[in-house]
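Please open the model in your viewer and set the side chains to show as sticks. The tour below goes from one charged pair to the next.

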Amino acid sequence: MQKKPALIVMAAGMGSRYGGLKQIDPVGGNGEIIVDYSVYDAKRAGFVRVVFILSEAIEKDFRETIGKRISAHMDTAYAVQRLNGIPEGFSVPKGREKPWGTGQAVLCAKNLLDGPFAVINADDYYGPEAFKLIYDYLVQSAERPAREQYSMAGYLLKNTVTEHGHVARGVCEVDSGGCLSDIAERTMIRPFPDGIKFSEDGGASWAALADDKIVSMNFWGFPAAMMDEIEIAFPKFLSEEVPPDPMKAEFYVPVIVGGLVRAGKAHVKVLPSGDKWYGVTYREDKAGVCDAIAQKVKSGLYPDNLWA
């Protein structure tokens, strides 16, 4: 019997921006934070199991607060992303303090899943439409070859930027069949008076991006076989990407997916979402997120007390 899709929530970095999990500000009227709304949307889309990827620093607090309230409504599991969680034969560069990025985070959940899964960031609001699109595609494609079970929620770039600084996005190329043909990880994207631009040199120069460009917000739908692909790609990353940049090199999910697409091992269906992204990339973003959530509650999209 085909396993129901599970949801992986990458939450290992949640406390770092605010100096600890207890300092993360709620955005809902009853103490809800962004991940509460994501899991709520996932549940009503059909997901019944969620796996949180945490750091050691926030594990205890997360389990006792956010995890406790969500576990009453969803089958819940946890994995910890550690700096030294790398394949045998490799060592952590001296002085490195941060783990290895989203690819390693997803791999942490390998032993907790036995079927297809979706992946999201904990601190991004995606909207209910994307959860339904991804869940339905995972279910509907379950009998196809693994390479045809990949999907991605695609957002318009203009719906995913903040006026308070720069963001990182996977900038996508989509073919005539609605599938991903290439993806480039851009770590510095921000709006300017004359349009949205990106920089590859730390802000020394900027190049224009069309505001209707499709971008990835790290919301993916994967077959179970994706875990094996990540496991294969990780040693290659450690061998080739880390030596030139041992302190900052990161193993990104979009880069892994892009490699699979170019190799013909994955046909990634891009599922466009018209929802607007909200997130607390910067403290100044919070007021806008709170206002947006309040409006969604007022409209009836969410109950006032999410988990009551």
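A salt bridge here is a side-chain nitrogen of Lys or Arg within 4 Å of a carboxyl oxygen of Asp or Glu. The model is predicted, and by this rule the count comes to 16 salt bridges.

Begin by selecting K60 and E64, whose side chains meet in a salt bridge with an N to O distance of 3.1 Å. Both residues belong to helix 2, where they are four residues apart, about one turn of the helix. K60 is exposed, at 56% relative accessible area, while E64 counts as partly exposed at 47%.

Staying with helix 2, select R69 and then add D36 from helix 1: helix 1 covers residues 34–45 and helix 2 residues 56–71, so this pair ties together parts that are 33 residues apart in sequence. Their side chains form a salt bridge at 2.5 Å, N to O. Is each partner buried or partly exposed? D36, at 0% relative accessibility, counts as buried, whereas R69, at 29%, counts as partly exposed.

Move next to helix 4, residues 128–140, and select K132 together with D136, which are four residues apart in that helix, about one turn. The closest N and O atoms of this salt bridge are 3.4 Å apart. K132 counts as partly exposed at 41% relative accessibility, and D136 is likewise partly exposed, with a relative accessible area of 22%.

Finally, select K110, D228 and E231, which are joined into one network by salt bridges that share partners.

Definitions and conventions:
Residues numbered from 1 in each chain as written. Predicted model: local features only at pLDDT ≥ 70, side-chain atom pairs only at ≥ 80, totals over all residues. Heavy atoms only, no water. Buried < 20%, exposed > 50% of the residue type's maximum accessible area, 1.4 Å probe, protein only.
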